[in-house]
Amino acid sequence: NPDYVKAYTNRGNVLKDLKRLDEALASYDRAIALNPDFVDAYSNRGVALRDLNRLDEALASYDHAIALTPDHADAYWNKSLLKILIGEYLEGWKLYEWRWKKEPQINSLRAYHQPLWLGDESIFHKTLLIYPEQGFGDYIQFIRYAALVEQIGAKVILEVPSELMTLCSTLKGQFTLIEKGKPLPSFDYHCPVMSLPLALKTTVESIPAQIPYLYADDEKQKRWYKKLGAKTLTRIGLVWSGSAIQKNDHNRSMLLNQLTSLFELPVEIHSLQKEVRKIDIKTLTDFPKIHQHQDDLQDFSDTAALIEAMDVVISVCTSVAHLSGAMGKKTFILLSYSPSERWMLDRTDSPWYPTATLFRQPAMGDWDSVISEIRQLLSD
């Protein structure tokens, strides 16, 4: 059926995931030619354009989808990510709330009889529940806002994923920490952690970047320093892949063998990976100089203590990059050509993490240039 519109759109989605973006656009355009009112084609076409950094065209495609279907959650969501990417934060955070009307977040919004707080009501002398959503890195990045909420006079209850409980106990503040899944004390308002930038009206200029705000446990630090022994070379903590189930993982992660040029340097390399993929095991075998610690990393507090022993952390866009940045550690973050919206565009620094340096792919899939730049920097 050469006029089957959905087939063209679905093919476009597969081509987009394969990073064959020009072919993806051709499929979306064919779907639109067959049905100019097929809204999903416009929204998905916008994502492909965004990945090509053709941002004005991407925005126009999202807006066309919204004009066709004013409650199209995916189009609003995609538009929010683009707005945050280009630094138009106030509009971006507002549009970001559309995540609760799309999969998979639609099933994650909490239903409490207490009201949702998005900054409109005074919470002076009130108790606010802040709860987690999305990934560990997201929680680590945005939990900094708990201190701001406390500063405006609220009592704060933090619901914390079990993997982050010990780490979050190092936050400076009079917070009540409750492990996710445990009974909650009474509260007056609630707010998902990633709605806090909207509630506190964050712009690029007002990002709360007082670091460190997370710390390594003293006793765990001592154990790591004892285990690692005296330092004779620069110590590098390395993370080359994130969670394989993350939707954009194929874009942000790399294979360990793509980093082998760094292994030739006179440095001491420590893997900060909690999980090592089967495809990387041979590389670890071939390069025994990479110190592996996955059996000793039970939760993020263990990782934090190991990070504290490093001189620099080199990481793709994953939770360890956020943790290292939140601890104020010197951090090199490796970014794909079309990065997560939080890293913005065309800058080597991050207003979220003042001690981080961003290394960006100059072209889609070009990790070699990124690694070459880091190798040169470490060699100087």
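1. Start in the loop between β8 and β9, which is where D346 sits. The model is a predicted one. D346 is not a glycine, yet its phi is positive, near 55°. Its relative accessibility is 76%, so D346 counts as exposed.

2. Stay in that loop for E341. This residue too is placed between β8 (331-335) and β9 (356-360). Is E341 buried or exposed? Its relative accessibility is 12%; the cut-off for buried is under 20%, so E341 counts as buried. Setting aside neighbours within four places in sequence, E341 has contacts with R50, L81, I84 and L85. For a sense of distance, take A199. It is 142 residues from E341 along the chain, and the two C-alpha atoms are 19 Å apart.

3. Next, the helix that holds L81, I84 and L85: α5 covers residues 73-85. It packs on α6 (residues 89-96) at an angle of about 155°, and the axes are 8 Å apart. Angles over 145 degrees count as roughly antiparallel, so α5 is roughly antiparallel to α6. The two helices make a left-handed crossing. From α5, the contact takes Y76, W77, K79, S80, L81, K83 and I84. From α6 it takes Y89, E91, G92, W93, L95 and Y96. Sorted by class, that is 8 nonpolar, 2 polar and 3 charged residues. Note that L81 and I84 serve in this contact and also touch E341.

4. A second helix pair deserves a look. Helix α2 (residues 21-34) and helix α3 (residues 39-51) have axes that come within 9 Å and cross at roughly 160°. That angle makes α2 roughly antiparallel to α3. The crossing is left-handed. On the α2 side, the contact residues are L21, L25, Y28, D29, A31 and I32. On the α3 side they are A41, Y42, N44, R45, A48, L49 and D51. The class count is 9 nonpolar, 1 polar and 3 charged residues.

5. Just before α2 comes another backbone point to check. K19 lies in the loop between α1 (5-17) and α2. Its phi is positive, about 65°, although K19 is not a glycine. With 31% relative accessibility, K19 counts as partly exposed. D346, by its 76%, counts as exposed.

6. Now the interior. How many residues does the largest nonpolar core have? It has 66. W117, I130, V149, L158 and L323 have the most contacts inside it. Which helix gives the most to this core? Helix α14 (residues 300-308) does, with 5 residues. Apart from this core lies another, of 23 residues. Among its members are I236, F263, I269 and L284. As background, nonpolar side chains in soluble globular proteins tend to be buried together.

7. I130 merits its own point. Leave out its neighbours within four places in sequence, and I130 is in contact with I143, A146, V149, V156, I157, L158, E159, C191, V193 and L196. Two of these, V149 and L158, are also listed with I130 for the most contacts inside the largest core.

8. Last, a peptide bond to inspect. I211 and P212 are joined by a cis peptide bond, with omega about 0°. Where is P212 found? It is in the loop between α10 (196-199) and α11 (218-228).

Definitions and conventions: Residues are numbered from 1 along each chain as its sequence is written. This is a predicted model: local features need pLDDT of at least 70, side-chain atom pairs count only at pLDDT 80 or more; totals for chains, interfaces and linings use all residues. Side-chain values use heavy atoms; hydrogens and water are left out. Axes are lines fitted to C-alpha atoms, for helices over the stretch in contact, and angles run from 0 to 180 degrees between N-to-C directions. Helices (H or I, at least four residues) and strands (E, at least two) are DSSP runs, numbered from the N terminus. Angles under 35 degrees count as roughly parallel, over 145 as roughly antiparallel, 65 to 115 as roughly perpendicular and the rest as oblique. A crossing is left-handed if the near helix is turned anticlockwise from the far one by less than a right angle, and right-handed if clockwise. Contact means heavy atoms within 4.5 Å. Ala, Val, Leu, Ile, Met, Phe, Trp, Tyr, Cys and Pro count as nonpolar, Asp, Glu, Lys and Arg as charged, and the others, Gly among them, as polar. A nonpolar core is a set of buried Ala, Val, Leu, Ile, Met, Phe, Trp, Tyr and Cys residues joined through side-chain atoms within 4.5 Å. Buried means under 20% relative accessible area, exposed over 50%, partly exposed in between (1.4 Å probe, protein chains only).
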